[in-house]
Amino acid sequence: MLHLSGYPQPPMRAGHLSVEYDPRPSVVRDARAEVRRQLEGWGFADLDDVADVAELLVSELATNALLHSTGRFRLTLFAAHGILRCEVRDAGRRVPTVLDAGGSENGRGMFLVEALARRWGCHQDGTGKTVWFELGTCGSDDCCR
């Protein structure tokens with residue numbers, strides 16, 4: 001049984017995945033595919049676009065890890081109690097900021113995270129940082145509280 005935030009997590013519709021990636025541009029595609037496979041396995045693929053949004057936001061965080069850090073990054077997914085939490089941990093110290101989407105080709109990643117995630121944040125831990133976001137997985141705003 002998984003423990004998250006001190007609470008035992010129920011086995012039904014719950015899960016955990018953690019994968020480490022080398023710093024290559026193709027790993028963004030690999031991370032998206034891994035998210036899709038995992039969410040399909042957990043039964044979230046057809047649930048209110050959860051998998052589509054998770055794929056998009058994970059690709060943004062993975063791209064940021066490649067651009068603003070050195071070395072490998074780790075993608076971790078947790079699903080429990082109507083929440084999907086996606087984390088990307090890298091060795092960078094730069095805290096992400098939300099920029100105005102504007103007309104630029106770059107800088108929209110955290111704008112999308114801010115717009116589409118239920119919640120998101122960043123914390124520094126040791127030699128790097130973890131950027132995370134959460135999406136609801138039960139189709140109701142009240143089910144996760």
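# Close-up views of a predicted model

**View 1. Ala79 and Leu84, a bridge between two strands.** In this predicted model, Ala79 has Leu84 of β5 as its bridge partner. The strands shown here are β4, residues 73-80, and β5, residues 83-90, and they pair in the antiparallel sense over seven bridges. Helix α2, residues 50-68, packs on the sheet and touches β4, β5 and β7 (128-136). The direction of α2 makes about 170 degrees with that of β7.

**View 2. The open sheet and its two edges.** Stepping back a little, we meet an open sheet of five strands in the order β3-β4-β5-β7-β6, with antiparallel pairing. At the edges stand β3 (15-21) and β6 (119-125); each has a single partner strand, so one side of each has no neighbour in the sheet. From one strand to the next, the twist averages 15 degrees. As background, the strands of a sheet pair through backbone hydrogen bonds, either parallel or antiparallel.

**View 3. Helix α1 on the sheet.** Helix α1 covers residues 26-42 and lies across β3, β4 and β5. Relative to β3, helix α1 runs at about 165 degrees.

**View 4. Helix α2 and what covers its buried residues.** How far apart are the end C-alpha atoms of α2? They are 27 Å apart, which agrees with the 27 Å that 19 residues should span at 1.5 Å a residue. Many names appear among the buried residues of α2, including Val50, Ala51, Val53, Ala54, Leu57, Val58, Leu61, Ala62 and Ala65. Glu55, Ser59 and Glu60 also belong to this buried set. The cover over the buried residues of α2 includes α1, β4, β5, α3 (109-116) and β7. It helps to recall that an α-helix has 3.6 residues a turn, so residues three or four places apart point the same way.

**View 5. Arg36, one residue with two salt bridges to α2.** Look first for Asp52 and Arg36, whose side chains meet in a salt bridge (2.4 Å, N to O). Asp52 belongs to helix α2 and Arg36 to helix α1, so this pair ties together parts that are 16 residues apart in sequence. Asp52 is partly exposed, with a relative accessible area of 40%. Arg36 also forms a salt bridge with Glu55, where the closest N and O atoms are 2.5 Å apart. Here the link runs from Arg36 in helix α1 to Glu55 in helix α2, 19 residues apart.

Is Glu55 buried or exposed? Glu55 is buried, with a relative accessible area of 11%. Not counting residues up to four places away in sequence, Glu55 touches Arg32, Val35 and Arg36.

**View 6. Arg72 and Asp22, a salt bridge between two loops.** The structure holds 11 salt bridges, and one of them joins the side chains of Arg72 and Asp22 (2.1 Å, N to O). This pair links distant parts of the chain: Arg72 sits in the loop between α2 and β4, Asp22 in the loop between β3 and α1, and they are 50 residues apart. Arg72 counts as partly exposed at 40% relative accessibility, and Asp22 is partly exposed too, with a relative accessible area of 33%. In general, side chains of opposite charge can pair when their charged atoms come close.

**View 7. The largest nonpolar core.** Which residues touch the most other members of this core? Of its 33 residues, Leu39, Leu75, Leu84, Phe133 and Leu135 do. The elements giving two or more residues to this core are β3, α1, α2, β4, β5, α3 and β7. Helix α2 gives the most, with nine residues.

**View 8. Leu75 and its surroundings.** Leaving aside neighbours within four places in sequence, Leu75 is in contact with Leu17, Ser18, Val19 and Tyr21, among others. The list of contacts for Leu75 also includes Ala31, Val35, Val58, Glu87 and Val88.

**View 9. Leu84, a buried residue of β5.** We end by returning to Leu84, which is found in strand β5. Leu84 is buried, with a relative accessible area of 0%. Beyond its neighbours within four places in sequence, Leu84 has contacts that include Leu39, Trp42, Val50 and Ala54. Phe78, Ala79, Phe133, Glu134, Leu135 and Thr137 are also in contact with Leu84. With Thr137, the separation is 53 residues in sequence and 6.4 Å in space, C-alpha to C-alpha.

Terms used. Residues are numbered from 1 along each chain as its sequence is written. This is a predicted model: local features need pLDDT of at least 70, side-chain atom pairs count only at pLDDT 80 or more; totals for chains, interfaces and linings use all residues. Side-chain values use heavy atoms; hydrogens and water are left out. Two strands pair if DSSP finds at least two bridges between them. Helices (H or I, at least four residues) and strands (E, at least two) are DSSP runs, numbered from the N terminus. Axes are lines fitted to C-alpha atoms, for helices over the stretch in contact, and angles run from 0 to 180 degrees between N-to-C directions. Contact means heavy atoms within 4.5 Å. A salt bridge is a side-chain nitrogen of Lys or Arg within 4 Å of a carboxyl oxygen of Asp or Glu. Buried means under 20% relative accessible area, exposed over 50%, partly exposed in between (1.4 Å probe, protein chains only). The expected span of a helix is 1.5 Å times one less than its number of residues. A nonpolar core is a set of buried Ala, Val, Leu, Ile, Met, Phe, Trp, Tyr and Cys residues joined through side-chain atoms within 4.5 Å.
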